[in-house]
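This briefing covers pockets, a surface patch and a helix. Keep the model open while reading.

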Amino acid sequence: MSSARSAAQKEPFNFKKWLGRRKVQRTLVIVSFIFIPIVLLFTFTYLPFFNMIRFSFYDMKYIGGRTFVGFDNYKEIFTRPDILQTFKLSLYYMAASVIQLALALYFATLLSFKTRGGGFFKGAIFFPYLVCGIAVGFIFKFFYTRGFVFDTVLSWIGFNTDSLPYWLKNTKINNISLAATSIWRYMGQNMVLFIGAIMSVDSDLYEASSLDGANKWQQFRFIIMPSIKTIIMLNLILSITGSLSAFEPPYVITGGTFGTSTYFLMMHNIAHRYQKLGLASAMAVALMVIIVLVTILQKVGFSLAGDNNSDVSKKTARKLGKSAKEGTR
């Protein structure tokens, strides 16, 4: 008996047998699923991010020496007229995002209920979001070109083609034309999000309000709006953030000419065309700070909106009843 024990103790370690144990394999799988994503995330996200912050304090190109300039790159962002002009252009895209959300909410409210051909209209409105942004740019490049689709449609209505402006060259209207492309492309995405939120509202609320004499506008104002306020706030924040980083429309349609270069496109040209990597990195960091501030506003908006996703508050219900009574008088 003692000799058998001593033989077992002297048995050499078998790595293959140890690796074949179920407990060991489970541990290796868990460690691999944790370690590998962390390594990839650090290598392709955090390491370039911290390098970008470090580069923002240098005057440098992709190839060559570096000169430490401190905060001069950040000062240049807020003193160069052409960069400051891009912040003004963002207002066009912000205004377009508000119009886009209003239209998306309107169509979502209509299509959330039984509507003839509702499935077709949902697909037709959502389809532009599935199209590649570069393809959308080429579509509208020919759409706005002088004498092409848009001018032809307006001539059918009765407009004189010679009196129409150059939609992509006229500095008074070209940014409006570019911002309108984002309305066409992203309205369907927001509409689907709104439809999902509206469908989650308790249908008993509509029946109860109908019995009290509330019309469709009152139902929208006192039932739908309070119930999806959080989704509206989220879409608004995302749309504003996206308007700050507008890139594809001016890049593809106009190439940033005639005063259409946005902040993101300007950053792209500074980095790749003029090879001012330090200034471009500073612009990226500044944009990140702006997005962080928008995120903070988002959290403040969520706290003000409160937890009202599942039911309508008593105060809103009282308003609905009062408004319904006034409407029946």
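The lining of the largest pocket divides into eight nonpolar, 13 polar and two charged residues. The model is a predicted one. In it, the largest pocket has a volume of about 470 Å³. The second largest pocket has a volume of about 270 Å³.

**Largest pocket**

- The lining counts 23 residues.
- Closest to the centre of this pocket are Q100, S182, Y186, G242 and S243.
- Five helices each supply at least two lining residues: α5 (81–111), α7 (133–144), α9 (174–199), α12 (229–244) and α13 (248–254).
- Helix α9 gives the most to this lining, with seven residues.

**Second largest pocket**

- Aromatic names in this lining include Y106, F113, Y206, W217 and F220.
- Also lining this pocket are T109, L110, K114, T115, K216, Q219 and I224.
- By class, the lining has seven nonpolar, three polar and two charged residues.
- Helices α5 and α11 (216–227) each supply at least two residues of this lining.
- The largest share comes from α11, with five residues.
- Helix α5 thus appears in the lining of the largest pocket and in that of the second largest pocket.

**Nonpolar surface patch**

- Nine side chains make up a nonpolar patch on the surface: I134, F138, F142, F148, V149, V153, W156, I157 and F159.
- Together they have about 940 Å² of accessible area.
- Helices α7 and α8 (149–157) are the elements that give two or more residues to the patch.
- The largest share, four residues, comes from α8.
- Patch member I157 has its place in helix α8.
- Is I157 buried or exposed? At 61% relative accessibility, I157 counts as exposed, because the cut-off for exposed is over 50%.
- Helix α7 supplies residues both to this patch and to the lining of the largest pocket.

**Helix α14**

- Why is helix α14 (residues 263–272) described as largely enclosed by the rest of the structure? Seven of its ten residues are buried, so the label follows.
- The buried residues are Y263, L265, M266, M267, N269, I270 and A271.
- Buried here means under 20% relative accessible area.

Conventions:
Residues are numbered from 1 along each chain as its sequence is written. This is a predicted model: local features need pLDDT of at least 70, side-chain atom pairs count only at pLDDT 80 or more; totals for chains, interfaces and linings use all residues. Side-chain values use heavy atoms; hydrogens and water are left out. On a 1 Å grid over the protein atoms alone, a cavity is a set of points where a 1.4 Å probe fits but cannot get out, and a pocket is an open set with protein on both sides within 12 Å along at least five of seven lines; lining residues have an atom within 4 Å of a point. Grid points are joined across faces, edges and corners, and a volume is the space filled by probe spheres set on the points. Ala, Val, Leu, Ile, Met, Phe, Trp, Tyr, Cys and Pro count as nonpolar, Asp, Glu, Lys and Arg as charged, and the others, Gly among them, as polar. Patches are made of residues with over 30% relative accessible area and no salt bridge: like charges are joined within 9 Å, nonpolar side chains (Val, Leu, Ile, Met, Phe, Trp, Tyr) within 5 Å. Accessible areas come from the Shrake-Rupley method with a 1.4 Å probe; for residues, only the protein chains shown count as cover. A salt bridge is a side-chain nitrogen of Lys or Arg within 4 Å of a carboxyl oxygen of Asp or Glu. Buried means under 20% relative accessible area, exposed over 50%, partly exposed in between (1.4 Å probe, protein chains only).
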